[in-house]
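Work through the exercises below with the sequence and the model side by side, and try each task before reading its solution.

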Amino acid sequence: MNFLKRFGKSVDGVVKSVVTKSKDISGIAKLNSEITKLKDQIENEYSEIGKNAYQANVEGVEDLKMSESIAKIKSIFVQIDVKNDVVLVLKGITICPKCGEELDMECAFCGKCGAEIERDV
Ligand SMILES: [Zn+2]
């Protein structure tokens, strides 16, 4: 899942600003551990949803907290995808917008499907 495709330039801008802050290789390890933490947060939210849904059902009320949890999870997924994209940039890898193949940053065309790789450098 590559959010750059879906959110376009706004996320692209975020990625660039993060990249300039963490150019070195150790940044990759740091990002990966941040991604792991974010995934843990999502697991916590999932269990919150379950707990709240159960509680609401027992009390016979509407589960008002669920949409809040879902919004939180969605925003964490966006953060994870941004960080994943930054990891790819740091590794010098880009993703083909058409087929999702991992490609070298310098590629002008996808080696798998032949799509042109756009770069705004
Ligand atoms: Zn491709």
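The exercises go from the whole chain to its helices and then to a single residue.

This is a predicted model, in which local features need pLDDT of at least 70 and side-chain atom pairs count only at pLDDT 80 or more, while totals for chains, interfaces and linings use all residues. Residues are numbered from 1 along each chain as its sequence is written.

**Exercise 1. Describe the order of elements in the protein chain.**

Begin with the elements themselves, where helices (H or I, at least four residues) and strands (E, at least two) are DSSP runs numbered from the N terminus. The protein chain has four helices and two strands, and from the N terminus on they run α-α-α-α-β-β. Then turn to burial, for which a residue is buried if 20 or more other C-beta atoms, placed from the backbone, lie within 10 Å of its own, exposed if 12 or fewer, and partly exposed in between. Of the 121 residues of the protein chain, 10% count as buried.

**Exercise 2. Compare the spans of H3 and H4 with those expected at 1.5 Å a residue.**

The expected span is 1.5 Å times one less than the number of residues. For H3, with 34 residues, the first and last C-alpha atoms are 50 Å apart, close to the 50 Å expected. For H4 (residues 66–91), the 26 residues should span 38 Å, and the 37 Å between its end C-alpha atoms agrees with this. Finally, look at what follows each helix: Gly 60 comes after H3 with a positive phi near 65°, and just after H4, Gly 92 takes a positive phi of about 80°.

**Exercise 3. Work out how H3 and H4 pack, starting from their angle.**

Two packed helices are described by the angle between their axes and the distance between the axes. Axes here are lines fitted to C-alpha atoms over the stretch in contact, with angles running from 0 to 180 degrees between N-to-C directions. H3 (residues 26–59) and H4 pack at about 165°, with their axes 9 Å apart. That angle makes H3 roughly antiparallel to H4, a label given to angles over 145 degrees.

**Exercise 4. Is Glu 68 buried, partly exposed or exposed?**

Locate Glu 68 in helix H4, and then count its neighbours: because 14 C-beta atoms lie inside 10 Å, Glu 68 is classed as partly exposed. By contrast, Ser 69, Ile 80, Asp 81, Val 82, Asp 85 and Val 86 in H4 are buried. Lastly, Glu 68 and Glu 45 are 23 residues apart in sequence, and their C-alpha atoms are 9.7 Å apart in space.

Methods:
Angles under 35 degrees count as roughly parallel, over 145 as roughly antiparallel, 65 to 115 as roughly perpendicular and the rest as oblique.
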